[in-house]
Amino acid sequence: MATANSTEIFVYKGTDKKGAKVEGEIIGNSVALVKAQLTKKGIKARSVRKKPKPMFGGGGKKITPQDIAIFTRQMATMMKAGVPLVQSFEIVAEGSDNSNLKNLILEIKDDVASGSGFAVALEKHPKYFDELFCNLVDAGEQSGALETMLDRIATYKEKTEALKAKIKKAMTYPIAVIVVALIVTAILLVKVVPQFADTFSGFGAELPAFTLFVMGISEFMQEVWYLVLFGSIGAVMAFGYLRRTNKAFSDGVDKLVLKLPVIGGIVYNSIIARFARTLSTTFAAGVPLIDALESVAGATCNSVYQKSVMKIKDEVATGLPLNRSLKSEGIYPTMLIQMTAIGEESGALDDMLDKVATFYEEAVDNMVDNLTSLLEPMIMAVLGVLVGGLLIAMYLPIFQLGEVVG
């Protein structure tokens, strides 16, 4: 069977069974195979050629995790309605306005139509479907309850992406405002303050200390502004590079983030929510607890908890109850430990974990809303101090001069 890398998009023109002109796009491995596919569909091809790639690489919108969540929900809805799997792919693909996503869905459809399992077809696209996603789909296929499993996966993806969006909102908003404030301050120091400095040079009087301090910063910024600019960009790029390539540095950042005031609490609650949501979904799907914990480790997205979950996995493998393993780590909330204990005793671990996940997802939601409400006046105060301070420093000599003249 051809791999995903060997398939390409072809553009065709031809006539259908009634002689009407038709044209469109189709996924295939070669011109000959595409013509054969078209013939099976009753289309007589006049021309078939590879779709030209955009000159500047803009081949449609990027496929986001949110797109995958929507695709999963649509597939679950179609299959629950009794629509056959292959036909479900076609309907969902036709309804997509993202050409890249449409091509991805049609590629998966072609693999499934040629005899591959759904999970096997998804495994060819690890960029969009991780190991957990593929394992859950495989479990659904093996148990004969694919539509139920797709519904669970869709719920899991939707809640996970919603949680990520809240965390991103909590991180992005203050950073964006601070960056804008710094840019405005830098422009004032480099462009506006020097104009006042030229005016003050003709005063012939001693300037206030605060004004001299600001003018000193302005002179420094005028001389090295490019070093500050490129140094800041370089620092951000270096941070991103080290975060991706240096495990010790990445682990240190993960530990530091958990200790940050307010932000650390949001990250902690989101980790517990992801832990509970992933374990609930995988366990409900019939995945053995040991294998489920391995999926949970990657879903935490924090090295501290990844190492902890892998340690718990080893302890559970020796026969230790999950709740006792969680308690021994000392980094999990009492609620999670108690609900896990109740779930293990009652045989409803997935339900208990689902309740824990919902609780902590709501906690993250509330914390983000509170943080936004708290930050708005604080940010306005910071902007006022920065911009207002510069204005006061520049007008202070003028006020003093007015007092002397009066």
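Where is the place of Ile 63? Select Ile 63 to find out: this residue sits in the loop between strand S3 (44-50) and H2. The model on screen is predicted.

**Whole chain**

Before going further into that loop, show the whole protein as a cartoon. The secondary structure consists of 15 helices and three strands. Turn the C-alpha trace along its principal axes, and the span is about 95 × 65 × 35 Å. The radius of gyration is 30 Å, whereas a compact globule of 406 residues would have one near 22 Å.

Now switch on the surface. The accessible surface of the protein is about 22600 Å², and carbon and sulfur atoms hold 61% of this area. Of the 406 residues, 40% count as buried. If you draw contacts with a separation of 6 or more, 59% of them come from residues 24 or more positions apart. Colouring by charge brings up 42 positive and 42 negative charges, whose mean positions are 9 Å apart.

**Stop 1: Ile 63**

Return to Ile 63 and show its side chain. Is Ile 63 buried or exposed? Ile 63 counts as buried because its relative accessible area is 9%, and the cut-off for buried is under 20%. Leaving out residues up to four places away in sequence, select what Ile 63 touches: Ile 68, Asn 98, Asn 100, Leu 101, Leu 104 and Tyr 128. Then add Lys 127 to the selection. The C-alpha atoms of Ile 63 and Lys 127 are 9.8 Å apart in space, with their positions 64 residues apart in sequence.

**Stop 2: aromatic pairs**

Next, display the aromatic rings. How many aromatic pairs does the count come to? The count is nine. One of them is Phe 71 with Phe 89, a stacked pair at 6.5 Å centre to centre and 20° between the planes. This pair links distant parts of the chain, with Phe 71 in helix H2 (residues 65-80) and Phe 89 in helix H3 (residues 85-94), 18 residues apart. Phe 71 is buried at 3% relative accessibility, and Phe 89 is buried at 0%.

Move to Phe 239 and Phe 249, which form an edge-to-face pair, 5.6 Å centre to centre and 75° between the planes. Phe 239 belongs to helix H8 (residues 209-245) and Phe 249 to helix H9 (residues 247-259), so the pair ties together parts that are ten residues apart in sequence. Both rings can be checked against the surface: Phe 239 is partly exposed, with a relative accessible area of 42%, and Phe 249 is partly exposed at 29%.

Go back to Phe 71 and Phe 89 and extend the selection to Phe 118, Phe 129 and Phe 133. These five residues form one aromatic cluster.

**Stop 3: Ser 308**

The last selection is Ser 308, in helix H12 (residues 303-317). Why does Ser 308 count as buried? Its relative accessible area is 3%, and buried means under 20%. Show the neighbours of Ser 308, again not counting residues up to four places away in sequence: Ser 308 touches Glu 329, Ile 331 and Tyr 332.

Notes: Residues numbered from 1 in each chain as written. Predicted model: local features only at pLDDT ≥ 70, side-chain atom pairs only at ≥ 80, totals over all residues. Heavy atoms only, no water. Helix = DSSP H or I, 4+ residues; strand = E, 2+ residues; numbered from the N terminus. Rg over C-alpha atoms; globule rule 2.2 N^0.38 Å. Buried < 20%, exposed > 50% of the residue type's maximum accessible area, 1.4 Å probe, protein only. Contact = heavy atoms within 4.5 Å. Areas by Shrake-Rupley, 256 points an atom, 1.4 Å probe, with all protein chains shown as cover. Lys, Arg positive; Asp, Glu negative; His and termini not counted. Charge placed at Lys NZ, Arg CZ, Asp CG, Glu CD. Phe/Tyr/Trp six-rings, centres within 6.5 Å; stacked < 30°, edge-to-face > 60°.
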